[in-house]
Amino acid sequence: MLRTAKESLSQQNDFASATSQNRNDWIVFAVIVSILWSVPLSLGGFYLYLGLAVAIYAISALGLQTMVGLAGQLSLGHAAFMGIGAYTSVLLQKTLGLPFLVTLAAAGLTAAAAGLLMAQLIRLSGVYFKIATFGFGIVVHQILSNWTALTGGSAGVRGIPVISIIGFQVETRTGLFVCEALTLTLIYGLLVRLSHGKIGRAFRAIGQNEAAARSVGIPVPRYRMIVITLGCAIAGIAGAYLPHLMRFLSPESFTWYESLTCLIMITVGGLGSLPGAIIGAAVLIVAPEYLRDFAQYKMLAFGVLLVASMILLPKGIAGAGAALSRRKRIHAR
Amino acid sequence: MVLARIGIFATLLLSFASSAMAKDFPVGFFGPLSGPAAAYGSESLAGAQLALEEINAGYLGSDKIKLIPADDTASPGVAAQAVQRMIDIDDVVAVVGGSTSAGTAAAIEVTKEAKVPQLSPLAVDSALTLANNPWFARIAQSSTTWAERTAEWLKKDKGAKSVYLLVRNDNFGIPLADAFEKKAKEIGLELKGKIAYEPTSREFRPTLATVASAKPDYIVLWGYYTEAGLMAKQMAEMQIKFPFYVGSAIGIDQYREIAGPSAEGTYGLLYYLAGSIETDAGKKFVQKWNERYHRTPTQYEGMGYDAMYVLADAMKRAAAKGGISKQTIRDEIFNTKAFQGATGPITILSNGDAQRPLPMAELVDGKVKLDTLLK
Amino acid sequence: MNLSLQLLSGLAVGCIYSLVAVGFSMVYRAMGLVNFAQGDLMMVGAFVGYSIIISAPALPFWLVVPFAAALTASLGYVIAQSALWPAIQRGASQTYLVLLTLGIGIVLSNGARLIWGANPRVYPIPLTHETIRVGQYPVPAVYPLIGLTMVVLIVGLHLLFTRTWLGLALRAAADDAQTASIMGVNRRFASAASFALASGIGAAAGVLYAPITFVSADMGMLGIKAFAAAVLGSLGSIPGSVIGGLVIGIGETLGGQLVSSEYQDSLAFLLMIGILLVKPTGLMGKRG
């Protein structure tokens, strides 16, 4: 009797904290999105270029965060799915002349299909699956570099077509940024929404403890399959923009180091936090620009950042920010 | 007499005008300064910096060049971003750079878009100049030239009848191998086979065993020095002996260290070999380098040095014709005719490719010895 | 003749994979974590060996191996105590631990690049270029040394784990931490000691591999293939790791020729994924 009362009380508390969490997440969403839209556009020039790069990697990192941070499905081959998206989109644009919105969707779908293929490997338990994702990344990179007839091989693809949306040509940096920022806002919003729903709760339950999730009746394999496919699809969409930023496409943009960089982004930003993924992407792309004289220390610094954030700030920058604001609120009371 | 006076007057006027408008021209430099390919970027940067010292001591009158270096870690994305930054923030009038083919391929898309002239010291991929991009030129020969000269030299000078190709599977190795294959067919040099290997490979024994069983006259490698070194070493360990051509690896110390005694007798075509250029400019450069660093310059240092000078020379001519701008620098780079560089006379062709002597060399007693200077 | 020669070189590289894989397995058993820095510890070991050779040229090569192993093992001990133990104590998730060791790996490889430079280093000893004859085949002189070290280390580990108090304590701590701590085995020490031992074995592999090729800061990538070997032979099992290493070593050498050298890197992983799909716990794993 006592026990059930306690349980219902804790459930109520859970519910209350869930709704306030819900509200907080949307406030953060609003803040991040308004910074995203205002800063690069108002600064312009090279900052807009950096904004383009940040937006692409932020989208990709959001996908990875959903997989890794939320649902605990570590992927060591994330860049490969960006590559699949990038090549799908550009090749469809170039060879079939399809409009960008179609090729963007196709990029997401192809990457999702590849993700679904990789997700079949979840039969391999825990650790085995992780190393299999690494292998998957290597295999994809080798296919991109060697299937010359399709991808142009290691020489890369030149002459990236201009994005055209419903007859409107996106030729300027501003135009491209608007496309990217729209995509990012949309995906970020969808993920926030998703994370509050039934699916999101299931993801988190799996991420915290797979066995426990299974015991409360969550169909774990199905949800793992869903989250892996979703994360990979988002990477594919991010990848579709990359060639338009660089005006050149080469398999070298999708190596193991790029996958590692994506992982550092979500870790530094805060494992499990969606805004953290965006902050992490921004930090890792913008910071080196201001430390150009220390270029040879860049990777070392990233590594130190990763280790330090894992030891000192297990919840990353976003987590530290949240903790700080919580503390402030307690003081205010 | 009158003419001379006018001449003096004009010079005075010109020097007055230029000193009144003395300017620092920002010029970007990019290449791999860190990571496994760092030697290509940092050595060509060192060469460029020595040239820069001389240029800023009056080569451009009172004008100076301010060099802005950036590390592209040989990655196309980083290269594109670095060059974009030079253009957007530092407002460079020209970019010297591109030491690897992947980094250069990404960067030329940026410089073309921004209409900033780019001059690469080392990138060889023939695809880079195929598009007739008016903003990109290089002082390194294209992979087609490298491969064709090598094929002709093997056939004519060495009397080779057959070769076996080993190719690094990336956009450095593949274009070289393709051009070589085409030329070999044309001049009747038999191709016994071709194997492409992954850039991460360390174990070439299976490959080399296949090559040996085909018994070619020459083994021709289009790859990096690390692979060249390991192949030479593993061939020696397997006691396979074929004349081995390793490309520009022959000029790199680490190649000789990795290969050990088996490096002896291998052939290679270099960008530049110190001491092979008998002109004043060629001798002066080696002497200066010796005074400064107490050793002879490497091929990449020579190329970086000349790239800087070709650019400065174009700027000088542009200034004499009316003014230095991105457009006039571009025009004058493409007007470069028989410029007396440290690495030989350089002419830039209309597609941006270069005409320059290429030294074919052999390793004899642990030293790189000139075989022939291919014009 | 070609086939036997390739089998020999596949075996030699396989031994290197095996030694690194043994390190993976030991750390996995003792600490329950997949150490992605194992390959980088091997690389550090190889560089430490280089520095030893440079500063003490008279030292015989077979003595360089234990010295480099000991130095790298102490580095491993420090890493385990300072960075890994706090996370394990907190009960951090697998994902977290993998990311932590990845980070340690990045620090090690880029730190090594700053210390020893970006250019590859070659051991300046005659062994690097010497060959001997095995039967009628010429092979690098370091091959027998690799085989010998491998046997000595595996036998040594077996004796350590079955005959010494330390070994028994390590095993007890790995298999049943609670009981072990009741028996007075400090789990923190046991974890760090296992990690140090694994680092030392990795360093030995690095020093022995160096004369075959060269030492460079990106050499740690080899460790990832060794990981495939450990998984293939079933993670946590030392005999499994040895067999897995040999299978990948030989499979790569032969497969690279049979299939296509362009896809050589993919082979190790395809082999691993294939075997795991058929036998989910690896070659030496129990059915489960």
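Helices, of at least four residues, and strands, of at least two, are DSSP runs, numbered from the N terminus. On that basis, residues 189–212 of chain C are 88% helix and 0% strand, with the end C-alpha atoms 35 Å apart. The structure is a predicted model. The points below concern the annotated spans of chain C, the contacts that chain A makes with chains B and C, and a strand of chain B that is largely enclosed by the rest of the structure.

**Annotated spans of chain C**

- An unreviewed UniProt entry assigns the annotation "transmembrane region" to residues 6–28, 40–59, 65–84, 96–116, 141–161, 189–212, 224–247 and 267–285 of chain C.
- Among these spans, residues 96–116 of chain C are 100% helix and 0% strand in the model, and the C-alpha atoms at the two ends are 30 Å apart.

**Contact between chains A and C**

- Chain A contributes 32 residues to this contact, and chain C contributes 33.
- On the chain A side, at least two residues come from each of α5, α11 (residues 256–269) and α13 (residues 298–311).
- The greatest contribution to this side of chain A is made by α5(A), which gives 12 residues.
- The side of chain A that touches chain C comprises 22 nonpolar, 8 polar and 2 charged residues.

**Contact between chains A and B**

- Here 20 residues of chain A meet 23 residues of chain B.
- Two or more residues on the chain A side are given by α2 (residues 45–70) and by α5 (residues 126–146) of chain A.
- With 4 residues, α2(A) gives the most to the side of chain A that touches chain B.
- The composition of that side of chain A is 7 nonpolar, 9 polar and 4 charged residues.

**Strand β1 of chain B and its partners**

- Strand β1(B) spans residues 24–31, and 6 of its 8 residues are buried, so the strand is largely enclosed by the rest of the structure.
- Strand β2 of chain B, residues 64–71, runs parallel to β1(B) and is joined to it by 8 bridges.
- Within the pairing with β2(B), B:Phe30 stands opposite B:Ala70.
- Strand β3 of chain B, residues 94–97, also runs parallel to β1(B), and 4 bridges link the two.
- In the pairing with β3(B), B:Gly28 is the residue that faces B:Val95.

Key: Residues are numbered from 1 along each chain as its sequence is written. Chains are lettered from A and ligands numbered from 1 in the order in which they are written. This is a predicted model: local features need pLDDT of at least 70, side-chain atom pairs count only at pLDDT 80 or more; totals for chains, interfaces and linings use all residues. A residue is buried if 20 or more other C-beta atoms lie within 10 Å of its own, exposed if 12 or fewer, and partly exposed in between; C-beta atoms are placed from the backbone. Two strands pair if DSSP finds at least two bridges between them. Two residues are in contact if their C-beta atoms, placed from the backbone, lie within 7 Å. Ala, Val, Leu, Ile, Met, Phe, Trp, Tyr, Cys and Pro count as nonpolar, Asp, Glu, Lys and Arg as charged, and the others, Gly among them, as polar. UniProt positions are given in the numbering used here, feature names are shortened, and annotations may be inferred rather than shown by experiment.
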